[in-house]
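Reader: Hello! I would like a close look at a single part of this protein, one helix and whatever surrounds it. Could you walk me through it, with the cut-offs behind each term?

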Amino acid sequence: MALVLHAGKTNKNGFKTLIVAEYTGVEVELAENFEMGVSNKTPEFIKMNPIRKVPVLETPDGPIFESNAIARYVTRLKADNPLHGSSLIEYGHIEQWIDFATLEIDANTLRWYIPRIGRAVFLPPVEEAVIAALKRALGALNTHLASNTYLVGHSVTLADIVMICNLYLGFTQLMTKSFTSEFPHVERYFWTMVNQPNFHKVLGEVKQTESVPPVQSAKKPAQPKESAKSKAKDEPKKEAKREVEKETPKPKEEAVEEEEAPKPKPKNPLDLLPPSKMVLDDWKRLYSNTKTNFREVAIKGFWDMYDPEGYSLWFCDYKYNEENTVSFVTLNKVSGFLQRMDLARKYAFGKMLVIGSEPPFKVKGLWLFRGPEIPKFILDEVYDMELYDWRKVDISDEEQKERVNQMIEDHEPFEGESLLDAKCFK
């Protein structure tokens, strides 16, 4: 029998259990036709959870409520499960980060969010204090993640699942790019995790909010009904008001609609450049489909297609290679950079090489961008760009041109050293 989770499809607390189920293989189904405010007020639901909160997990041995307790239960259904750690100290650290995610991240995020959507009284000084507390928590998390890919150990644990689900509301509803840019390691961690297959299957495509929701007034209690006497007394006033309204001309609906019509989305400046003889998709296809004679087919094809008027080539070198002492952390750092470059997929192609057989590892890259310079929107949106030194390729220099060839084909050794890995953005 599958376990039944009573929660809405977009409930971030329900996501915790669904992601755990993906990792453990435990069968968990969402309750059919669950409707918040209706389903959780039925006698059957109240019997499972008297305070009517969601989620609730229905099991053969009885119901469980509270999202962290449910996620722990599903995790422990599978023995020798890495999600709850491989030692007593790891288990303790996992519990530590679950509490931190709940008390420091989730609690402050909700205290910021709920008044803004009108479900509590909005008080600016309170919001200011809540945001300061959240930033303090994110700062602590950022410090930990500066030298750790995961919260505990070297793989995903229950702590990561709870943390990401608690960060989800902030990233999607409150924390704009300008807010989270103060915490680059938290950003890298969040986007790396939500793009893991088991997270992505539950969360889908995650997009960061572009603005903080405007403050909505909290609902006021309903006014008592007027007595018949006062109603009769006010009737002449209402009649007079209706007469005035009849005489007052109303603005045409069309004019209102015209004022409220959204402005068309501005085109990317790169779309306004003169047409180029180089078709980027043709090059990406040639690169992907060439399995043999790469130098003779793909490299030659690249230079035949390349248009120095419409595109530019750039070398990049990571500024802080001395920090690259752990191989998997270095590889994750590069993967996170490529994920954040996704907004440029239509306008760019890139190769990133992780070089060396032992630490510290060097990270070098080659990028092809539409236009004569690195596009401004990439420099503005992808914080990793400032972590690299950028140098435009002079294609009249045969030595630089050969370096381009070697980077495209993952030539080894590269500059006298072996390759730990080569990643492609296409």
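Author: Happy to; here is a tour that starts with the whole chain, settles on one helix and the sheet beside it, and then visits a few other places.

A word on the basis of it all. This is a predicted model, in which local features need pLDDT of at least 70 and side-chain atom pairs count only at pLDDT 80 or more, while totals for chains, interfaces and linings use all residues. Residues are numbered from 1 along each chain as its sequence is written, and side-chain values use heavy atoms, with hydrogens and water left out.

The protein has 16 helices and 9 strands; these are DSSP runs numbered from the N terminus, helices being H or I with at least four residues and strands E with at least two. Of its 426 residues, 44% count as buried. Here buried means under 20% relative accessible area, exposed means over 50%, and partly exposed lies in between, with a 1.4 Å probe and protein chains only. Among contacts with a separation of 6 or more, 72% are between residues 24 or more positions apart; a contact means heavy atoms within 4.5 Å.

Now to the part I would pick, helix α3. The helix spans residues 67-76, and because 7 of its 10 residues are buried, α3 is largely enclosed by the rest of the structure. The buried ones are Ser67, Asn68, Ile70, Ala71, Arg72, Val74 and Thr75. As a reminder, an α-helix has 3.6 residues a turn, so residues three or four places apart point the same way.

Let us stop at Asn68, which sits in α3. With a relative accessibility of 15%, Asn68 counts as buried. Setting aside residues up to four places away in sequence, Asn68 touches Lys16, Ile98, Thr102 and Val162.

What does α3 lie across? The helix lies across β1, β2, β3 and β4, running at about 125° to β4. Angles run from 0 to 180 degrees between N-to-C directions, and axes are lines fitted to C-alpha atoms, for helices over the stretch in contact.

Those 4 strands form an open sheet with mixed pairing, in the order β2-β1-β3-β4. Since β2 (28-30) and β4 stand at the edges with a single partner strand each, one side of each is left without a neighbour in the sheet. From one strand to the next, the twist averages 25°. Helix α1 (residues 12-24) packs on this sheet too, touching β1 and β2, and its direction makes about 145° with that of β2.

Within the sheet, β1 (residues 3-6) runs antiparallel to β3 and is joined to it by 3 bridges; two strands pair if DSSP finds at least two bridges between them. Val4 has Glu58 in β3 as its bridge partner. Strands β3 (residues 56-59) and β4 (residues 62-65) are also antiparallel, pairing over 4 bridges. Leu57 stands opposite Ile64 in β4, and a hairpin of 2 residues leads from β3 to β4.

Helix α3 also borders an enclosed space. The structure holds 1 cavity of 30 Å³ or more, and the largest cavity has about 40 Å³ of space. A cavity is a set of points on a 1 Å grid over the protein atoms alone where a 1.4 Å probe fits but cannot get out, and lining residues have an atom within 4 Å of a point. Grid points are joined across faces, edges and corners, and the volume is the space filled by probe spheres set on the points.

Which residues line the largest cavity? They are Arg72, Thr75, Arg76, His84, Tyr91, Ile94, Glu95 and Leu158. The elements that give two or more residues to this lining are α3 and α4 (88-116). By class, the lining has 3 nonpolar, 2 polar and 3 charged residues, where Ala, Val, Leu, Ile, Met, Phe, Trp, Tyr, Cys and Pro count as nonpolar, Asp, Glu, Lys and Arg as charged, and the others, Gly among them, as polar.

For context, there is another sheet: an open one of 5 strands, antiparallel, in the order β8-β5-β7-β6-β9. Its neighbouring strands are turned by 15° against each other on average, direction ignored. Helix α14 (residues 327-340) packs on that sheet, touching β5 (311-318), β6, β7, β8 and β9, and its direction makes about 10° with that of β9.

How values were computed
1 Å grid on protein atoms, 1.4 Å probe; cavity = no way out; pocket = protein on both sides within 12 Å on 5 of 7 lines; lining within 4 Å.
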